[in-house]
Amino acid sequence: MSNEATLHQEIHTHHHDHAHHDHDHGHDDHGHHEHKQHFISKYVFSMDHKIISRQFLITGIFWAIAGGLMSVFFRLQLGFPEDTFPILEKFLGDWARGGKMDPEMYYGLVTIHGTVLVFFVLTGGLSGTFSNLLIPLQIGARDMASPFLNMLSYWFFAGASVIMFSSLFINTGPASGGWTTYPPLSALKEASMGSGLGMDLWLVSMALFIVSSLLGGLNYIVTILNMRTKGMSMTRMPLTIWAFLFTAILGVLSFPVLLSAAVLLLFDRHAGTSFYLSEIYIAGKALPNVGGSAILYQHLFWFLGHPEVYIIMLPAMGMASEILATHSRKPIFGYMAMILSMIGITVLAFLVWAHHMFVTGMSPILGGVFVLLTLLIAIPSAVKVFNWLTTIWKGNIRFTVPMLFALGFVSLFISGGLTGLFLGNSALDIHLHDTYFVIAHFHIVMGISAFFGMFAGIYHWFPKMYGRFMNNTMGYIHFFITFIGSYVIFWPMHYEGVAGMPRRYYDYSSWESFKQFAELNQMISVAAIIVFFAQLLFVFNYFVSIWKGKKVTDPNPWKANTLEWTTPINAGHGNWDGEIPEVHRWAYDYKDNGEGGDFIPQNVPLKDDEKAH
Amino acid sequence: MSGFLIILLVAAIYVVLYQVSRSSELIASIQGEEKFDKKRNKILAWSMLVVFAAFMIGIVACHNYMMPLMAPEAASDYGVEYDSMFVVTLVITGIVFFVTQALLFWFAYKYQRKDDRKAFFFSHSNKLEMIWTTVPAVAMAVLVAIGLKNWFTVTSEAPKNKMQIEIVGKQFNWISRYPGKDGVLGKKKYTLINDKDNVLGQDWTDKTNLDDIVIPTGEIRLIKGKPVELIIGSRDVIHDVGLSHFRVKMDAVPGITTTIWFTPIITTAEMKQKTGNENFVYELSCDQMCGKGHYSMRAIVIVETQEEHDAWMAKQQSYYAQNHPEAVPAANPGAETTQPVVDSSKKITMK
């Protein structure tokens with residue numbers, strides 16, 4: 001309750017300032033920077049969802065650069081296994097003496113790259129950023145249900161980040177068992193250097209991240225269900241909000257299972273338990289543990305791990321839907337079908353996890369059931385694709401930077417989604433499992449495609465976040481290099497996978513079956529490095545535009561229908577200066593407004609002769 | 001110092017790029033935003049067609065480059081089934097891929113912004129939704145049907161006339177075991193393992209162990225046309241027996257025994273001829289991350305005729321006999337040629 005009180009008080013002052021300033025400076029100079037609030041409470045321990053969203057995004061950007069740089073390093077090893085690179089020694093020190101990366105470090109980088117990109121960038125940085133920014137703004141709320149828990153959610157994430165980052169600098173190196181950290185490899189410090197302190201830090205960091213994700217998720221669900229403004233019925237909400245709702249539900253129901261997996265792993269590591277360990281002979285001695293099952297961990301891990309894929313994809317899908325509609329000047333096609341398909345995806349997401357485990361020796365009947373359920377999930381995904389295509393059909397498309405990224409998202413989602421039909425079918429997976437085909441599949445569908453959704457979102461809502469635009473020309477360069485580069489990197493990997501080339505190999509040159517791909521691996525590495533530097537272009541554009549970007553003059557620069565564009569350009573804490581607007585129609589009335597415009601915002605009342613959608 | 005200069009240089013490039021980009025925005029405001037935007041929108045619409053064309057050309061070029069590098073035809077009966085199922089899946093997904101990608105880029109180009117165009121207000125159509133729910137559902141049903149048929153084949157009981165070979169993973173090599181004359185693999189216990197004279201932990205009180213042959217390099221010798229069942233285990237962490245030429249793969253999990261069976265149909269010698277590659281060799285790769293030497297966990301698989309196999313087998317001495325020479329009658333032949341020479345996994349220098 002006290003949060004509410006502070007918030008109202010704050011809004012009150014803000015309103016006052018605003019009125020005052022309107023006289024002096026006109027429109028785009030709101031008084032919120034002259035708040036009585038201290039810098040620390042305003043920008044650091046902030047309870048304003050808009051600031052928290054920026055904190056999530058900037059932390060995400062930090063991790064994306066770090067994770068991307070790691071991939072550059074291990075791509076150097078993969079592309080040029082014979083060569084040495086002094087720059088590696090600069091960054092990695094003794095882990096790359098003479099410029100030659102140590103295998104332990106190679107596996108450490110692969111592991112941390114996967115972990116931070118999946119969790120810190122595409123979960124924290126994506127859903128954390130946009131759920132925070134858009135839920136209150138688009139449903140018409142002053143802030144989250146609990147701004148305090150929301151703040152805690154970010155600071156748990158920050159804590160997780162610090163611990164994960166520090167694990168890169170310890171003597172035995174970071175966790176190095178792959179981002180899935182399967183025991184016994186991850187449970188026994190004898191098995192690998194990364195399974196020492198690095199693995200403990202990984203587990204603690206993930207535990208904190210899970211807490212962050214749960215605090216955030218509960219808040220998102222409660223806010224969406226309880227704090228919609230007058231008139232904002234569930235079926236009037238933009239698809240972004242539906243997507244964030246299902247994302248949060250998935251997270252709240254599946255992350256605790258990962259936490260339990262992590263806790264049991266900690267017990268096995270330090271308390272002598274045998275949850276995952278049985279009949280192991282390692283480092284010259286037989287361990288006493290019997291009766292555990294290494295496969296149990298995989299069930300627990302993938303019970304989160306698979307929904308996690310949709311935790312990443314759903315926000316990207318929601319934002320792409322919103323952006324495709326807005327920039328095509330057309331309603332999203334099949335709004336109800338979109339919601340139903342998201343429900344389908346959410347439910348099925350919990351029932352497909354074991355398709356990651358077809359070759360663990362599981363019961364064939366169980367495998368068969370998971371094949372069926374896995375391929376079922378292709379149906380709602382296909383429906384979504386057809387609906388996006390129909391959304392742009394007969395539109396009036398403005399090729400803004402967010403629109404290009406949304407189109408790229410659809411293209412990548414198709415390409416990466418279809419290869420899922422190979423891997424989800426156990427009879428085919430039995431050969432493709434853990435090869436580069438898998439690498440190609442998931443990087444395209446939930447790596448790059450989710451990144452495209454995220455980029456689309458950033459370019460689209462940057463004006464709302466900072467009151468300025470990002471530079472267009474740089475945005476276009478960023479798009480074309482990234483789009484083409486991603487296909488150049490990942491398309492040929494399908495072939496390598498079909499040829500059986502295993503993932504997570506440090507060097508292929510002594511393998512008769514895989515060494516013919518050396519030249520190709522080199523080309524892929526070069527492309528990856530180029531694409532990495534193109535991402536720095538985005539980072540540069542992002543940070544410079546915060547202060548130097550072209551100022552937004554129209555509060556609704558994209559001519560969109562949703563409520564966030566009814567707030568002042570630089571909205572203070574509380575979002576709307578006066579009353580929260582009332583909603584009279586759904587979010588997709590992109591049609592003739594009778595006055596020459598082609599859109600009708602949600603807060604415009606229905607005309608007498610107009611039927612609600 | 002040079003590192004610092006490089007960083008400066010890279011930063012300078014970004015600054016220059018940013019300034020150029022900004023000036024283009026400036027030109028826009030001088031020329032008039034509206035006009036500039038229209039021109040740019042048109043160029044970008046065209047770029048959609050260019051990107052699509054480049055995409056398609058790229059796919060063909062990539063395919064032409066890759067095909068000569070691919071693995072040869074499948075070397076097992078399951079592999080033949082596998083490849084035909086792969087092709088069916090590829091055709092179905094390929095059609096969807098080309099149609100949807102073409103529509104995406106074509107619509108983007110075709111429906112670019114025009115002043116005289118009004119977007120068509122088209123919010124839903126139950127008929128269309130029904131069609132594109134049903135069609136994928138039917139396609140999925142086909143894929144599931146083929147998939148399950150093959151899946152239940154490959155996971156079925158191995159036929160009676162099978163041979164059995166045990167393959168055990170450890171950091172970082174494979175160990176294989178043949179049942180010997182009695183055709184039975186003897187019992188093991190992990191606490192009996194020692195690297196000096198009992199690498200698998202065989203229980204010597206079980207008499208069926210005494211004739212078992214252990215190959216410490218993990219070499220596997222299969223017989224063309226004879227079903228083989230691999231009995232898979234691990235001593236330490238999870239490994240995975242990956243046999244890409246035979247299109248099968250199975251995890252090796254400590255504490256759990258897994259199996260996989262298939263019938264090899266092409267001998268190594270025949271494959272050398274078919275591929276025209278004198279160095280061709282079937283390889284067993286570890287396909288589950290198992291530690292720093294994961295990438296070097298290689299074993300050789302040889303497919304030979306029954307006669308060749310028998311001749312090889314005759315030369316082998318049981319593991320028990322090798323390590324307990326006192327207990328074995330001198331009649332055991334070929335005692336001096338016990339260790340196979342091929343061990344390419346050792347060639348990789350490990351830290």
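In this predicted model, strand β1 (163-170) of chain B is joined to strand β5 (residues 228-234) of chain B by 7 bridges, and the two strands run parallel. One bridge pair can be named: B:Gly169 has B:Ser234 in β5(B) as its partner.

**Two sheets in chain B**

Strands β1 and β5 belong to an open sheet of 5 strands in chain B, with the order β3-β2-β1-β5-β8 and mixed pairing. Its edge strands are β3 (213-215) and β8 (258-262) of chain B, each of which pairs on one side only. From one strand to the next, the twist averages 25°. Strands of a sheet pair through backbone hydrogen bonds, either parallel or antiparallel.

Another open sheet of 5 strands in chain B has the order β4-β10-β9-β6-β7, again with mixed pairing. Here β4 (220-223) and β7 (248-252) of chain B are the edge strands, pairing on one side only. Neighbouring strands in this sheet are turned against each other by 25° on average, with direction ignored.

At the β4 edge, 4 bridges connect β4(B) to strand β10 (residues 298-304) of chain B, and these strands run parallel. Within this pair, B:Ile220 stands opposite B:Val301 of β10(B). Helix α6 (residues 306-315) of chain B lies across β4 and β10 of chain B, and the helix runs at about 140° to β4(B).

**Backbone features in loops**

Each chain has a cis peptide bond to point out. In chain A, such a bond joins A:Pro183 and A:Pro184, with omega about 5°. A:Pro184 sits in the loop between α6 (147-166) and α7 (197-226) of chain A. In chain B, a cis peptide bond joins B:Gln171 and B:Phe172, with omega about -5°. B:Phe172 is in the loop between β1 (163-170) and β2 (173-178) of chain B, and β1 and β2 are neighbours in the sheet order β3-β2-β1-β5-β8.

The loop between α6 and α7 of chain A also holds A:Thr181, a residue other than glycine with a positive phi near 40°. A:Thr181 counts as buried because 26 C-beta neighbours lie inside 10 Å, and the cut-off for buried is 20 or more.

A:Ala283 also has a positive phi, near 50°, and is a residue other than glycine. Its place is the loop between β1 (281-282) and β2 (285-286) of chain A. A:Ala283 has 12 other C-beta atoms within 10 Å and is therefore exposed, since the limit for exposed is 12 or fewer.

The table lists the positive phi values of these residues, together with that of A:Lys394.

| Residue | Phi |
|---|---|
| A:Thr181 | near 40° |
| A:Ala283 | near 50° |
| A:Lys394 | about 60° |

**Helix α12 of chain A**

A:Lys394 comes just after α12(A). Helix α12 (residues 378-392) of chain A has 15 residues, which at 1.5 Å a residue should span 21 Å. The C-alpha atoms at its ends are 22 Å apart, which agrees with that expected span. The helix is mostly covered, with 15 of its 15 residues buried.

Notes. Residues numbered from 1 in each chain as written. Chains lettered and ligands numbered in written order. Predicted model: local features only at pLDDT ≥ 70, side-chain atom pairs only at ≥ 80, totals over all residues. Expected span 1.5 Å × (residues − 1). Pairing = 2+ DSSP bridges. Axes fitted to C-alpha atoms, helices over the stretch in contact; angles between N-to-C directions. Contact = placed C-beta atoms within 7 Å.
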